[in-house]
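Visitor: Got a minute to walk me through this one? I'd like to start with the helices and then poke at the core.

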Amino acid sequence: MFIPKLYRSEDFNVMKAIISENSFALLISSVDKIRATHSMMMLNEDNPENSYIETHISRANPQAKILKNGDEVLCDFLGAHAYISSSWYDHVNVSTWNYEAVQIRGKVELMDHDELYAHLDKLTSKYEKFQQCPMMVKDMGKEFVEKEMKGAFGIKIIPTEIFIKQKLSQNRKESDFDNIISQLETSDDNARKIAGKMKLIKK
């Protein structure tokens with residue numbers, strides 16, 4: 001990912017927030033040819049000094065058939081994003097797009113049976129806990145879960161490079177910056193999220 005210095009972040013809390021809020025991300029590989037699969041991803045911080053991404057895809061997926069230990073992959077997370085109209089500046093310029101994104105390049109480690117079971121348990125708990133009648137993995141019965149697991153291909157991605165980008169109009173003068181925020185606050189949810197992010201970096 002190309003990141004001009006002005007938009008580069010090394011704040012791992014920003015990275016964690018983007019991953020947590022935008023977990024349905026792209027798993028990209030190029031072992032035989034370029035392949036990409038949307039999948040649910042989680043940041044595993046059981047050992048904070050050696051955090052990694054965990055995910056699973058269908059075993060029927062061609063990508064699962066070619067990935068093996070040590071292969072390089074790229075995880076691509078797109079955070080909040082919004083169109084920025086040039087009409088919001090006090091001078092003639094070009095329109096653009098503000099956004100947050102994280103890309104993690106890393107090495108594949110295939111999950112064993114117990115790791116995959118734990119991954120599915122954590123992933124289910126993360127999203128089911130908000131449901132009116134949560135259905136946790138423990139409620140499904142081990143026999144049923146293990147039968148379904150046969151169709152899942154679990155992998156861990158051990159980071160080798162991390163890229164965090166926050167393109168939030170940092171190149172604009174204060175009056176234009178403030179007007180962009182005002183305009184975004186009158187738009188949709190994504191735009192309002194970007195306005196909130198801009199307020200944070202202004203402090």
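Guide: Sure. One convention first: helix axes here are lines fitted to C-alpha atoms over the stretch in contact, and angles run from 0 to 180 degrees between N-to-C directions. Also, keep in mind this is a predicted model.

Visitor: Okay, at what angle do α3 and α5 pack?

Guide: About 110 degrees, with the axes of α3 (residues 113-128) and α5 (residues 142-149) 11 Å apart. Angles of 65 to 115 degrees count as roughly perpendicular, so that's what α3 is to α5.

Visitor: Which residues meet there?

Guide: From α3 you have His 113, Leu 116, Tyr 117 and Leu 120, and they meet Lys 142, Val 145, Glu 146 and Met 149 of α5. By type, that contact has five nonpolar residues, one polar and two charged.

Visitor: Switching to the core. Which residues have the most contacts inside the largest one?

Guide: Leu 27, Ile 53, Cys 75, Phe 77 and Val 102, in a nonpolar core of 21 residues. Elements supplying at least two residues each include α1 (12-21), β5 (72-84) and β6 (96-110).

Visitor: And what is Phe 77 in contact with?

Guide: Beyond its neighbours within four places in sequence, the partners include Ile 18, Ile 19, Met 41, Ile 53 and Val 102, plus Asn 22 and Glu 100. Apart from that core there's another, of 14 residues, with Ala 80 and Leu 184 among them.

Visitor: Cysteines: how many disulfides?

Guide: Zero. Cys 75 is buried at 0% relative accessible area, while Cys 133 is exposed at 65%.

Notes
Residues are numbered from 1 along each chain as its sequence is written. This is a predicted model: local features need pLDDT of at least 70, side-chain atom pairs count only at pLDDT 80 or more; totals for chains, interfaces and linings use all residues. Side-chain values use heavy atoms; hydrogens and water are left out. Helices (H or I, at least four residues) and strands (E, at least two) are DSSP runs, numbered from the N terminus. Angles under 35 degrees count as roughly parallel, over 145 as roughly antiparallel, 65 to 115 as roughly perpendicular and the rest as oblique. Contact means heavy atoms within 4.5 Å. Ala, Val, Leu, Ile, Met, Phe, Trp, Tyr, Cys and Pro count as nonpolar, Asp, Glu, Lys and Arg as charged, and the others, Gly among them, as polar. A disulfide is a pair of cysteine sulfur atoms within 2.5 Å. Buried means under 20% relative accessible area, exposed over 50%, partly exposed in between (1.4 Å probe, protein chains only). A nonpolar core is a set of buried Ala, Val, Leu, Ile, Met, Phe, Trp, Tyr and Cys residues joined through side-chain atoms within 4.5 Å.
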